[in-house]
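Work through the exercises below with the sequence and the coordinates open. Each task is followed by a solution in steps.

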Amino acid sequence: MILKHLIGPRAQYNIDAKQFHPSFALHIPDFNETMKCIACHAFLKCTAKGLCRVCRFYIENGLWNQIVDKNYQPKIEKPVNISFEIMCTSALHGIYQFNDFRSGQKEAIQSFVQNQDTVIIKQTGGGKSLYYTIAALLSQGITVIFSPLKALIDDQVMELIKAGIPCCGLYASTEQPLQYQKKIFEEIACGLTKVACLNLFKILRLVSSKFYYRFIIVSAEFWQFRHL
């Protein structure tokens, strides 16, 4: 993968050396003063074992290849043959802190994970982000979210970071420092970032990286906006 070979090692080195400062740190209160997850060094620890919610999910469900600190060794025997149902429930309870799925959510997540084209029609607040974020955590590569406006991208990133999901927002380089965008691509390349929220101005660069991705359109108004 071109992107991984060119810039991935930079972020990977800092993660392995426990000197990592993620691009989204500004969205995490007291990031510099709080103990970080010992498996990703990107989120605050929330368990007695020193893990964040997402890394705990990876370890408990046997998704050890998703752990970005390659020097980290879990102290349990690796679980095998974990069912899709158990993984989904584990993510729902452990990451989102919800008790039950809404109607159709689990089926939509399974459709995403199986790389099927999926259309979901839900009102605002209907839990759409849960569909693709859990699917992203269960899958290799990155999930790309199309949003037409910077404000929508920023809101989505804030929501996901609050839930502990490694994500990023990208838009026109005139509105973001190039050094900041470079750091984001490093995090994508090393496998930390699972969800990228961006507009079409940044799609071509991501596609040209030959990284494995899936695309999500979060609003039908996006296409109306693009054709005005």
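The exercises treat confidence first, then the strands, the cores, a helix and two loop residues.

**Exercise 1. Confidence**

Task: State which helix has the lowest confidence and which the highest, and find where the pLDDT is below 50.

Solution.
1. This is a predicted model, with a mean pLDDT of 81 for the protein. A pLDDT of 70 or more is reached by 80% of the residues.
2. Confidence is lowest in helix α9 (residues 221–227), where the mean is 38. The highest value, 96, belongs to helix α2 (residues 53–60).
3. Residues 1–6 have pLDDT below 50, and this stretch has 13 contacts in the model beyond near neighbours in sequence.
4. Residues 219–228 also fall below 50, with nine contacts counted beyond near neighbours in sequence.
5. Where pLDDT is low, the predicted coordinates should not be read in detail.

**Exercise 2. Strand pairing and burial**

Task: Determine which strands pair with β3 and in what sense, then decide whether the faces of the strands are covered.

Solution.
1. Strand β3 (residues 195–198) pairs with β1 in the parallel sense over four bridges. Strand β2 also runs parallel to β3, and four bridges join them.
2. On the β1 side, Thr-143 has Val-195 as its bridge partner, and Val-144 stands opposite Ala-196.
3. On the β2 side, Cys-168 has Ala-196 as its bridge partner, and Leu-170 stands opposite Leu-198.
4. Ala-196 therefore appears in both lists, as the residue opposite Val-144 and as the partner of Cys-168.5. In β1, Ile-142, Val-144 and Phe-146 on one side and Thr-143 and Ile-145 on the other are all buried. Five of the five residues of β1 (residues 142–146) are buried, so this strand is largely enclosed by the rest of the structure.
6. In β2 (residues 167–170), Cys-167 and Gly-169 are buried on one side, and Cys-168 and Leu-170 on the other.
7. Both faces of β3 are covered as well: Val-195 and Cys-197 are buried on one side, Ala-196 and Leu-198 on the other.

**Exercise 3. Nonpolar cores**

Task: Find how many residues the largest nonpolar core has and which element gives the most to it.

Solution.
1. The largest nonpolar core has 55 residues. Those with the most contacts inside it are Cys-40, Ile-109, Ile-134, Leu-138 and Ile-165.
2. At least two residues of this core come from each of α1 (2–16), α2, α3 (84–94), α4 (105–113), α5 (128–137), α6 (150–163) and β3.
3. Helix α5 gives the most, with seven residues.
4. Leaving aside neighbours within four places in sequence, Cys-40 is in contact with Ile-15, Phe-20, Cys-52, Cys-55, Val-68 and Leu-192.
5. Another core, of nine residues, lies apart from the largest core; among its members are Ile-142, Val-144, Phe-185 and Ala-196.
6. As background, nonpolar side chains tend to be buried together in soluble globular proteins.

**Exercise 4. Helix α7**

Task: Compare the expected span of helix α7 with the distance between its end C-alpha atoms, and list its buried residues.

Solution.
1. Helix α7 (residues 178–189) has twelve residues, and at 1.5 Å a residue they should span 16 Å.
2. The end C-alpha atoms of α7 are 16 Å apart, which agrees.
3. The buried residues in α7 are Gln-181, Ile-184, Phe-185, Glu-186, Glu-187, Ile-188 and Ala-189.
4. After α7 comes Gly-191, with a positive phi near 95°.

**Exercise 5. Two loop residues**

Task: Decide whether Gln-176 is buried or exposed, do likewise for Gly-50, and list the contacts of each.

Solution.
1. Gln-176 is in the loop between β2 and α7. The cut-off for buried is under 20% relative accessible area; Gln-176 has 6% relative accessibility, so this residue counts as buried.
2. The Gln-176 side chain reaches the backbone nitrogen of Tyr-171 at 3.3 Å.
3. With neighbours within four places in sequence left aside, Gln-176 is in contact with Gly-169, Leu-170, Tyr-171 and Gln-181.
4. Gly-50 lies in the loop between α1 and α2 and is buried, with a relative accessible area of 6%.
5. Gly-50 and Met-35 are 15 residues apart along the chain, and their C-alpha atoms are separated by 8.2 Å.
6. With neighbours within four places in sequence again left aside, Gly-50 is in contact with Lys-36, Cys-37, Ile-38 and Lys-45.

Methods:
Residues numbered from 1 in each chain as written. Heavy atoms only, no water. Buried < 20%, exposed > 50% of the residue type's maximum accessible area, 1.4 Å probe, protein only. Pairing = 2+ DSSP bridges. pLDDT = per-residue confidence, 0-100. Contact = heavy atoms within 4.5 Å. Core = buried A, V, L, I, M, F, W, Y, C linked by side-chain atoms within 4.5 Å. Expected span 1.5 Å × (residues − 1). Polar contact = N/O pair within 3.5 Å; in protein donor to acceptor, adjacent residues only side chain to side chain.
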